[in-house]
Amino acid sequence: MTSTQPKYPGSSDRPFYFARSEICVDSDGECIGDGVFAGEDFEAGTHIYALKRPLAGSLDTERLVDTCANCYVWTEGSSIGSRLYVKEGTKVQTCAGCKRFRYCSKSCQREAWNRGHKHECKNLRAVADRDIPKAVMAAMEILIRRKNGLIPDHAWEMLLRLDSHIEDFKANGKYGGIELMALGTSQFSFTQDTFSKDFVAEMYGRVLTNSLTIVTPSYDPLGIMIDPILAHINHSCEPNVYLVMDGAEVDIRSLRPLKKDEELFVSYVDNTNPYARRQSELKSRWFFNCKCSKCQKGATLQEDKWAIQPRDLEQKWKEVADMMIGNEDFATDPANFVGDSPDWRRVAALQGKAFAMYEDEQRVADPHQAIKEIEDGMRLCYQSKLWHIYRQPYAAFRDDLIVNMLAVQKYSIAFSQCAKRYRYILPKLYPEVAHPTRVVQTWQTAMLALFVASTEGALGMAQPGVDFPLIALMLLNEAHMLSAKSHGEN
Ligand SMILES: [Zn+2]
Ligand SMILES: [Zn+2]
Ligand SMILES: [Zn+2]
């Protein structure tokens, strides 16, 4: 049962409300957590709410040098089509005090200063050369601002209502690490006089398990943010809302129609992944067994379908898989589970290998090296004949291939990969035409076609029968129409 008691002060002007969620249940089926519910009906593509900025945010270490720590404008966004929103000539300047944060303007610096930076800048100077983890920085920001009266009571109470998962960390053996990080958080923030050791550990646990990713309008990750309103939106692998960021503003938009009193869900994970992988990721990072509408259907949907039956795997690939089963534990990792027979275990091993290769290439900074590893991964998916073109991580490899081909200026390869994705993958993975990922990737294809159209003569990329200017125009038109739905008119 849901109730509308005003447990959260100041929430009456919002088109949603907080109540007990039926999706958050303990092992006895008792409701144990809150969720966010629609206060009225919403059509698909509705802008439900604009949050001016999340309560706290913390940039990735690599982004501190090229991103404004106040408005999150990323000055060096690399891929074509992802920088439309960055004004030409935008630069960031280092805070002379702490030498850690950079700002794009005096007004951004002033805003951040008044929001709380004035209470930490001097202390941060002493640790200017230290790489402090982003979750520690976020927890520090919260504690320093609360200590100095800069977080109002209602936001603070909502924040404390979020689960810290300390008991889960104690159970999985990671509490030692949490304690250590909490110690650093206390010391660097000079808040030991205000908050106890256990309280800081809980706050750090809250940041780890309730933060969301700060992204550009085209979904490039920049850091983490924590906000008590956003953190109350529960997960579903079949979400009905999504978040779009424009600078520090976070918009909640509907992906599909919502009825009044329906619970809002976002997806915490890549929901195009197979069932067992989603379950495993949600369990290990957020400590719950997902029972969403999609997971209730188990491993029966498109993202779990293989292109061939496991018994039809070619002999060569059976041998490759058997060798992996001997050397690595992919086949026994629950995240790769596909079935119990020896044939299925081979498929699990190959799938585990593909995901491991995907995770490895994501950590590679040099684009040439990344391309090599991505191509190895794609070859495994392609040559084993197991993967459909849209099955993960085959599709995710292709996304990374495009980004890295752009980084090394191989535009014609990037374009042909984009075209393949546009034609064969996007409609499968994102059937809603105004799905934000689909729209962003259509934009990317359009911008690339436009670029190729304007330079094809110079680059020798002219191809008979391919009318790049026309393709560019059609894609731009489509992207423009759809982005009004996914990202708003502006
Ligand atoms: Zn700025
Ligand atoms: Zn500073
Ligand atoms: Zn699920």
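This report describes the zinc sites, the salt bridges and the nonpolar cores of a predicted model.

## Basis of the description

Because the model is predicted, local features need pLDDT of at least 70 and side-chain atom pairs count only at pLDDT 80 or more, whereas totals for chains, interfaces and linings use all residues. Residues are numbered from 1 along each chain as its sequence is written, chains are lettered from A and ligands numbered from 1 in the order in which they are written, and side-chain values use heavy atoms, with hydrogens and water left out.

## The zinc ion (ligand 1)

The zinc ion (ligand 1) is held by the SG atoms of C68, C71, C104 and C108, at 2.3 Å; donors here are N, O and S atoms within 2.8 Å of the metal (3.2 Å for Na, K and Ca), and as water is not among the atoms, sites may look incomplete. The spacing of these donor residues in sequence is C-x2-C-x32-C-x3-C. Distant parts of the chain are linked by the pair C68 and C104, 36 residues apart: C68 is in the loop between strand 4 (56-59) and strand 5 (93-94), and C104 is in the loop between strand 6 (102-103) and helix 1 (106-115). Helices (H or I, at least four residues) and strands (E, at least two) are DSSP runs, numbered from the N terminus.

The arrangement around the zinc ion (ligand 1) is tetrahedral because its four donor atoms subtend angles of 105 to 117°. Four donors count as tetrahedral if all angles lie between 85 and 135 degrees; four count as square planar and six as octahedral if opposite donors are over 155 degrees apart and all others between 65 and 115, and anything else is irregular. For reference, ideal angles at a metal are 109.5 degrees for four tetrahedral donors. C68 has a relative accessible area of 0% and is therefore buried, while C104, at 27%, counts as partly exposed; buried means under 20% relative accessible area, exposed over 50%, and partly exposed in between (1.4 Å probe, protein chains only).

## The zinc ions (ligands 2 and 3)

The zinc ion (ligand 2) has as its protein donors C95 (SG), C98 (SG), H117 (NE2) and C121 (SG), which lie 2.0 to 2.4 Å from it. These residues follow the spacing C-x2-C-x18-H-x3-C in sequence, and the angles of 102 to 122° subtended by the four donor atoms make the arrangement tetrahedral. H117 and C121 are both buried.

The zinc ion (ligand 3) is coordinated through the SG atoms of C237, C290, C292 and C295, at 2.3 Å, with the sequence spacing C-x52-C-x1-C-x2-C. Its four donor atoms form angles of 102 to 116°, and the site is tetrahedral. Among these donor residues, C292 counts as buried at 1% relative accessibility, and C295 is buried with a relative accessible area of 5%.

## Salt bridges

The model has 21 salt bridges, a salt bridge being a side-chain nitrogen of Lys or Arg within 4 Å of a carboxyl oxygen of Asp or Glu. One of them joins D322 and R346, at 2.9 Å from N to O. D322 lies in helix 10 (residues 315-327) and R346 in helix 11 (residues 342-362), so this pair ties together parts that are 24 residues apart in sequence. D322 is partly exposed, at 36% relative accessible area, whereas R346 is buried, at 16%.

In another pair, R379 and D376 have their closest N and O atoms 3.0 Å apart; these two residues are three residues apart in helix 12 (residues 367-383), and therefore about one helical turn separates them. A salt bridge also connects D153 with R146, and a network of salt bridges links R278, K294 and E303.

## Nonpolar cores

A nonpolar core is a set of buried Ala, Val, Leu, Ile, Met, Phe, Trp, Tyr and Cys residues joined through side-chain atoms within 4.5 Å. The largest has 77 residues, and I142 and I252 have the most contacts inside it. Helix 3 (residues 134-147) gives the most to this core, with eight residues. Domain 1 (1-54 + 227-300) and domain 2 (56-212) both contribute residues, so the core lies between them; the domain bounds come from an automatic or database domain assignment.

Not counting residues up to four places away in sequence, I142 touches A56, I151, W156, L159, M203, V207 and I226, where contact means heavy atoms within 4.5 Å. Apart from this core lies another, of 41 residues, including W306, W317, M357 and F397.
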